[in-house]
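Here is a walk through one protein chain, from its overall fold down to single residues. Keep the structure open and follow along.

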Amino acid sequence: MGNSQEMGNQQEAGDALFVLAFDSTHAAMAVQVAFKAAGRSFALIPTPREISAGCGMSLRFKAPSVAQAQAFVAETVTGDAARCAALYEAKGYTKVS
């Protein structure tokens, strides 16, 4: 998966997929570093066409629930990157925060 960290067995198989989209490449790169530091498995993907974002890169990751995905993002993504990020469920690309 290119420069991304392979989504491994760290999360349970039944976890849902989420996409974190960004308004800037700088924010995407900062969050990639934060996810790695937190030990979170993720994949760097092209931003899906269904999502309107200023950056062509997004991060896809797994979490057991929307609430847990939101909590992880809130704890991990800070500063300017937090203001430039939007969280979506990967199935149907429904925006959740």
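Two strands pair if DSSP finds at least two bridges between them. By that rule, strand E2 (residues 43-46) pairs with E3, since 4 bridges join them. The two strands run antiparallel. Keep in mind that this is a predicted model.

Start with the chain as a whole. It holds 3 helices and 4 strands. Along the sequence, the pattern reads β-α-β-β-α-α-β. The chain has 97 residues, and buried residues make up 39% of them. Its accessible surface is about 5300 Å². Carbon and sulfur atoms account for 50% of that surface. Contacts often bridge long stretches of sequence. Take the contacts between residues at least 6 apart in sequence: 71% of them join residues at least 24 apart.

Now find the sheet. It is an open sheet of 4 strands, in the order E2-E3-E1-E4, with antiparallel pairing. E2 and E4 are the edge strands, and each pairs on one side only. On average, neighbouring strands are turned by 35° against each other, direction ignored.

Look at the pairing strand by strand. E1 (residues 16-22) and E3 (residues 57-63) share 6 bridges, again in the antiparallel sense. Which residue of E3 is the bridge partner of Phe18? The partner is Phe61. One position along in sequence, Val19 stands opposite Arg60 in E3. On the E2 side, Leu44 has Leu59 of E3 as its bridge partner.

A helix packs over this sheet. H1 lies across E1, E2 and E3. H1 runs at about 30° to E3.

Next, the interior. In soluble globular proteins, nonpolar side chains tend to be buried together. The largest nonpolar core here has 18 residues. Among them, Leu20, Phe22, Val31, Phe35 and Phe61 touch the most other members. Four elements give two or more residues to this core: E1, helix H1 (25-37), E3 and helix H2 (66-76). H1 gives the most, with 4 residues. A second, separate core has 8 residues, including Val19, Ile45, Ala86 and Tyr88. Phe61 therefore has two roles to trace: Phe61 is the bridge partner of Phe18, and Phe61 is also one of the most connected members of the largest core, a set of buried nonpolar residues joined through side-chain atoms within 4.5 Å. Val19 also appears twice. Val19 faces Arg60 across the pairing and belongs to the second core.

Turn to the segment before E1. Asp15 lies there, and so does Gly14. Are these two residues buried or exposed? Asp15 is buried, because its relative accessible area is 13% and the cut-off for buried is under 20%. Gly14 counts as exposed, because its relative accessibility is 73% and exposed means over 50%. What does Asp15 touch, not counting residues up to four places away in sequence? The answer is Lys62, Ala63 and Pro64. Asp15 and Pro64 are 49 residues apart in sequence, yet their C-alpha atoms are 4.4 Å apart. Gly14 and Ala63 are also 49 residues apart along the chain, and 8.9 Å separates their C-alpha atoms.

Now move to helix H3 (residues 79-83). Side chains of opposite charge can pair when their charged atoms come close. How many salt bridges does a search of the whole structure find? The search finds 1. Asp80 forms a salt bridge with Arg83, and their closest N and O atoms are 2.2 Å apart. Both residues lie in H3, 3 residues apart, which is about one turn of the helix. Arg83 counts as exposed, because its relative accessibility is 62%.

Finish after the last strand. Tyr93 sits in the segment after strand E4 (85-89). Most residues other than glycine have a negative phi. Phi of Tyr93, however, is near 50°, a positive value in a residue other than glycine. Is Tyr93 buried, exposed or partly exposed? Tyr93 counts as partly exposed, because its relative accessibility is 26%, and partly exposed lies between the 20% and 50% limits.

Conventions: Residues are numbered from 1 along each chain as its sequence is written. This is a predicted model: local features need pLDDT of at least 70, side-chain atom pairs count only at pLDDT 80 or more; totals for chains, interfaces and linings use all residues. Side-chain values use heavy atoms; hydrogens and water are left out. Buried means under 20% relative accessible area, exposed over 50%, partly exposed in between (1.4 Å probe, protein chains only). Contact means heavy atoms within 4.5 Å. Accessible areas come from the Shrake-Rupley method with a 1.4 Å probe; for residues, only the protein chains shown count as cover. A salt bridge is a side-chain nitrogen of Lys or Arg within 4 Å of a carboxyl oxygen of Asp or Glu. Axes are lines fitted to C-alpha atoms, for helices over the stretch in contact, and angles run from 0 to 180 degrees between N-to-C directions.
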